[in-house]
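Grab a pencil and work through these exercises one at a time. Each has a task, then a solution in steps.

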Amino acid sequence: METLMKTLQSIYVKKLFAFLVLIIFLNFNPVLAKPDPPAEMQEWLKKAELGPYEPNKENWDEIVKKATEEGEVIVYTSSGRIQKLVKPFAKVYPGIKLTVHDLGSTKSVEKTKREQQAGIYNADVVTTGNSGQVIHEMLNKNLLVNYVPHHFKKRIPKEYRDPLLIRVNEAVVFFYNMEDFPNGSPVTNIWEFTEPRFKGRVGMKNPMSSGSTFMAVMTLIQHPDEMAAAYRRYKGKEIQLSEGVPDAGYEFWARMLKNDVVIFKSGSKLAAASGKKGQKNPLLAFANMTYIARNDSKGFVNAIVKDLDPVAKLLYPTFTAIARQAPHPNAAKVFTAFVLGSEELNQNSKLSKPYTKGRSSDLLLGLAPYFDPGTRSPRNDVPSPEGGEIWDQMKEWHVDADFMWKQGARIRDFWIQHSSM
């Protein structure tokens with residue numbers, strides 16, 4: 001009997017210890033724990049009818065009325081195309097001024113964090129990529145509030161509106177110049193870009209300052225087994241890792257850097273370097289897929305490497321959220337609905353180029369500047385743009401916010417180390 005009691009006591013102590021460890025982990029783990037909003041934020045949430053205070057049913061006319069009384073909406077964005085919405089927004093909502101701060105993805109995050117830490121609440125809406133930081137450093141630390149206009153909830157799949165609304169899905173792909181390669185893509189396997197024949201001929205934005213490029217770099221690193229398998233298919237043998245390189249995902253970027261990949265500050269200049277007509281030995285580009293639209297607007301001759309082993313498209317989200325204690329919360333709600341398109345828009349809508357003018361613009365609203373083959377609305381009722389079928393034809397890997405959060409610092413250190421060699 002005494003032995004049995006000691007055994008039961010031992011089991012109880014072990015279970016109690018495990019429970020306490022779990023409680024400590026949940027309360028202090030930065031990924032899982034989300035603190036309660038402070039009192040002043042709670043008061044603002046209640047007044048703005050956001051977060052836990054969102055009503056079961058919105059009175060949209062009342063929201064628009066309050067937004068017009070607020071008179072302005074201030075947006076921090078990673079996308080220069082948001083600036084193109086100023087006039088269309090004023091046409092629909094003449095009493096609300098749209099003020100846009102085009103900051104890029106990294107600076108959108110940094111400026112929002114820095115201001116709020118100083119007690120400055122200037123932004124109404126933050127729309128950017130950089131999913132690891134946005135989810136874990138901003139949303140999970142009460143710097144942002146998720147908001148989905150109620151009339152769009154049934155039109156947006158849960159994974160695109162929870163935990164944070166995705167404004168658009170975009171992707172990074174490889175471009176080649178059709179004049180330089182008239183017979184089609186010069187590569188079929190991603191490892192070909194690391195070969196001597198492409199030394200100094202592949203360009204990309206700096207992932208240390210471009211959130212979308214960093215997400216794409218990380219997504220390739222996140223799939224080391226698939227990258228190693230692609231190497232075997234290409235070379236017919238196992239990959240030999242460089243000294244200090246942990247796996248095939250890292251090895252790809254170590255070899256790309258050693259092969260003198262050309263780093264750009266501007267995505268527009270990168271797209272021109274690969275796609276401008278009449279160039280001698282134009283670059284290939286690891287670039288945002290949306291720049292394929294420059295073929296129409298700038299006369300470029302970029303083509304997308306559609307069939308690439310092991311993956312052709314690295315998909316990343318661009319989020320939209322209301323900033324903590326936004327000074328114009330109702331105007332922020334109205335702008336959020338505007339960038340998702342009109343309620344009239346549906347799969348049967350007839351849309352024609354230019355999408356930013358006429359009836360197409362009236363239906364697309366804030367989607368109009370993004371209506372191209374390299375971008376997708378989160379809504380399930382939006383038709384594809386002309387040429388958009390390529391999006392569904394390409395194998396894709398998705399950015400993982402948790403992987404970015406946990407491994408981001410390690411990958412940044414790796415990049416800095418290998419880019420300086």
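**Exercise 1. Find the loop that holds Pro310, then look at the peptide bond leading into Pro310.**

Step 1: Pro310 sits in the loop between β9 (302-304) and β10 (313-323). Helices (H or I, at least four residues) and strands (E, at least two) are DSSP runs, numbered from the N terminus.

Step 2: The peptide bond from Asp309 to Pro310 is cis, with omega near 10 degrees.

Step 3: Now try Lys353 and Pro354, where the peptide bond is also cis, with omega near -5 degrees. Pro354 belongs to the loop between α12 and α13 (358-364).

Before you go on: this is a predicted model, in which local features need pLDDT of at least 70 and side-chain atom pairs count only at pLDDT 80 or more, while totals for chains, interfaces and linings use all residues. Residues are numbered from 1 along each chain as its sequence is written, and side-chain values use heavy atoms, with hydrogens and water left out.

**Exercise 2. Look up phi for Glu49 and Asp260, and say where each residue lies.**

Step 1: Glu49 is not a glycine, yet has a positive phi of about 55 degrees. Look for Glu49 in the loop between α2 (39-48) and α3.

Step 2: Asp260 is in the loop between α9 and β7. Here phi is near 60 degrees, a positive value in a residue other than glycine.

Step 3: Check the accessibility. Glu49 has a relative accessible area of 34%, so Glu49 is partly exposed (buried means under 20% relative accessible area, exposed over 50%, partly exposed in between, with a 1.4 Å probe and protein chains only). Asp260 counts as partly exposed because its relative accessibility is 41%.

**Exercise 3. Describe how α3 and α12 pack, and how covered α12 is.**

Step 1: Two packed helices are described by the angle between their axes and the distance between the axes.

Step 2: Helix α3 (residues 60-70) and helix α12 (residues 329-339) pack at an angle of about 120 degrees, and their axes are 7 Å apart. That makes α3 oblique to α12. Axes are lines fitted to C-alpha atoms, for helices over the stretch in contact, and angles run from 0 to 180 degrees between N-to-C directions. Angles under 35 degrees count as roughly parallel, over 145 as roughly antiparallel, 65 to 115 as roughly perpendicular and the rest as oblique.

Step 3: Pick out the residues that meet. On the α3 side they include Trp60, Ile63 and Val64, and on the α12 side they include Pro329, Asn330 and Ala331 (contact means heavy atoms within 4.5 Å).

Step 4: Helix α12 is mostly covered, with 11 of its 11 residues buried. Just after α12, Gly341 takes a positive phi of about 100 degrees.

**Exercise 4. Trace α15 from its cap to its kink, then find what its buried residues pack against.**

Step 1: Asp400 caps the N-terminal end of α15, where a side-chain oxygen lies 2.9 Å from the backbone nitrogen of Asp402.

Step 2: Helix α15 (residues 401-419) has a kink of about 60 degrees, centred on Gln407. The bend at a residue is the angle between axes fitted to the seven residues ending there and the seven starting there.

Step 3: Among the buried residues of α15 are Phe403, Met404, Ile411 and Trp415. The buried residues of α15 pack against α6 (131-138), β6 (202-205), α7 (211-221), α9 (248-258) and β7 (262-264).

Step 4: Take one of these partners. α7 and α15 pack at an angle of about 95 degrees, with their axes 10 Å apart. That makes α7 roughly perpendicular to α15. The contact involves residues including Phe214, Val217 and Ile221 of α7 and Gly408, Arg412 and Trp415 of α15.

**Exercise 5. Are Val217 and Glu251 buried or exposed, and which residues do they touch?**

Step 1: Val217 is found in helix α7. With a relative accessible area of 1%, Val217 is buried.

Step 2: Leaving out residues up to four places away in sequence, Val217 touches Met204, Pro207, Trp253 and Trp415.

Step 3: Glu251 is in helix α9, and Glu251 is buried, with a relative accessible area of 1%.

Step 4: Again not counting residues up to four places away in sequence, Glu251 touches Trp191, Ile239, Gln240, Leu241, Ser242 and Val245. A polar atom of the Glu251 side chain lies 2.8 Å from the backbone nitrogen of Ser242.

Methods
A polar contact is a pair of N or O atoms within 3.5 Å; within protein, one must be able to donate a hydrogen and the other to accept it, and residues adjacent in sequence count only if both atoms are side-chain atoms.
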